[in-house]
Amino acid sequence: MVDYTLDGSIAVITIDRPEAKNAIDNETALALRDAWQRFDDDDDAFVGILTGSGGTFSAGADLKAMDLEDRPEGWLGFSRMHVEKPTIAAIEGHCVAGGLELALWCDLRVAGESATFGCFERRFGVPLVDGGTQRLPHIVGLGRALDMILTGRAVNAREAKEWGLLTRIADDGAALAVAQEMAATIAEYPQQTVRTDRAAVYDGLGEELAQGLRIEAWHGQRALETAHEGAERFESGEGRHGENIERREE
């Protein structure tokens, strides 16, 4: 149902139910939960990529099985989970209903140019219960989020990119490769500050500026040792003039 592959410091988690358009039943939800927990616990995994097999990302909940349970981690397995490390969704084909909600859970989203997005559960009276009503407005704005949620219409990759729903558009079939390139770039940097800066962004969402600055300062204090090490490397000449720097794991 779910495949976990570690390539260097990049974990690729693949929903593998192509015969069901990668729709998620209870067994798959449990496997996804376990996969993301494995990623978060794995000191060798720096970036996680979520994708689907067979040219489809996910059609969301399996309405034929209709056996999902409302767990603390979310109906679809991990939509209420928190991981400490960056995540990317690599999207081909349909990313709709709960599949869209799982893509929204990720930090970044890359899609093939023919990908389709939408809150298709609207057609069947199924509610958004895996974070869609909360994450989508943060990403695309209130009006656009309500357009998708209330009308249930399909949104193509170009429109999704214009709205900020997508980070990048790739050639069809190349979304995973592009996501892996992005992940490799992220993994090259000192991971302590990658994670504290990411945490500061999320912890500051919805806060007034003064509180957000306090949150940023607190997270920054946690990374000062890494910052001093980086300054020493800069002083020694490493990484100047746009040159690549050697990866520092922590």
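1. A good place to start is the end of helix 3: right after this helix comes Gly141, which has a positive phi, near 95 degrees. Bear in mind as you read on that this is a predicted model.

2. Now for helix 3 itself, which covers residues 132-140. Its buried residues are Gly132, Leu136 and Val140. Looking down the helix axis, you'll find them within an arc of 20 degrees, so they line one face of the helix. As a general reminder, an α-helix has 3.6 residues a turn, so residues three or four places apart point the same way.

3. What sits against that buried side? The buried residues of helix 3 pack against helix 2 (98-105), helix 4 (142-151) and helix 5 (157-163). On the face turned away from the buried side, you'll see the exposed residues Gln134 and His138.

4. Helix 7 runs over residues 191-204. With 14 residues at 1.5 Å a residue, helix 7 should span 20 Å, and its end C-alpha atoms are indeed 20 Å apart, so the two agree. Just after helix 7, Gly206 has a positive phi of about 85 degrees.

5. Buried residues in helix 7 include Val194, Thr196, Ala199 and Ala200. Their cover includes helix 6 (175-188) and helix 8.

6. Have a look at His219 too, which lies in helix 8 (residues 209-222). Is His219 buried or exposed? Its relative accessibility is 4%, so His219 counts as buried. Setting aside neighbours within four places in sequence, His219 is in contact with Thr196, Ala199, Ala200 and Asp203.

Note on methods
Residues are numbered from 1 along each chain as its sequence is written. This is a predicted model: local features need pLDDT of at least 70, side-chain atom pairs count only at pLDDT 80 or more; totals for chains, interfaces and linings use all residues. Side-chain values use heavy atoms; hydrogens and water are left out. Helices (H or I, at least four residues) and strands (E, at least two) are DSSP runs, numbered from the N terminus. Buried means under 20% relative accessible area, exposed over 50%, partly exposed in between (1.4 Å probe, protein chains only). Contact means heavy atoms within 4.5 Å. The expected span of a helix is 1.5 Å times one less than its number of residues. The arc is that of the directions from the helix axis to the C-beta atoms.
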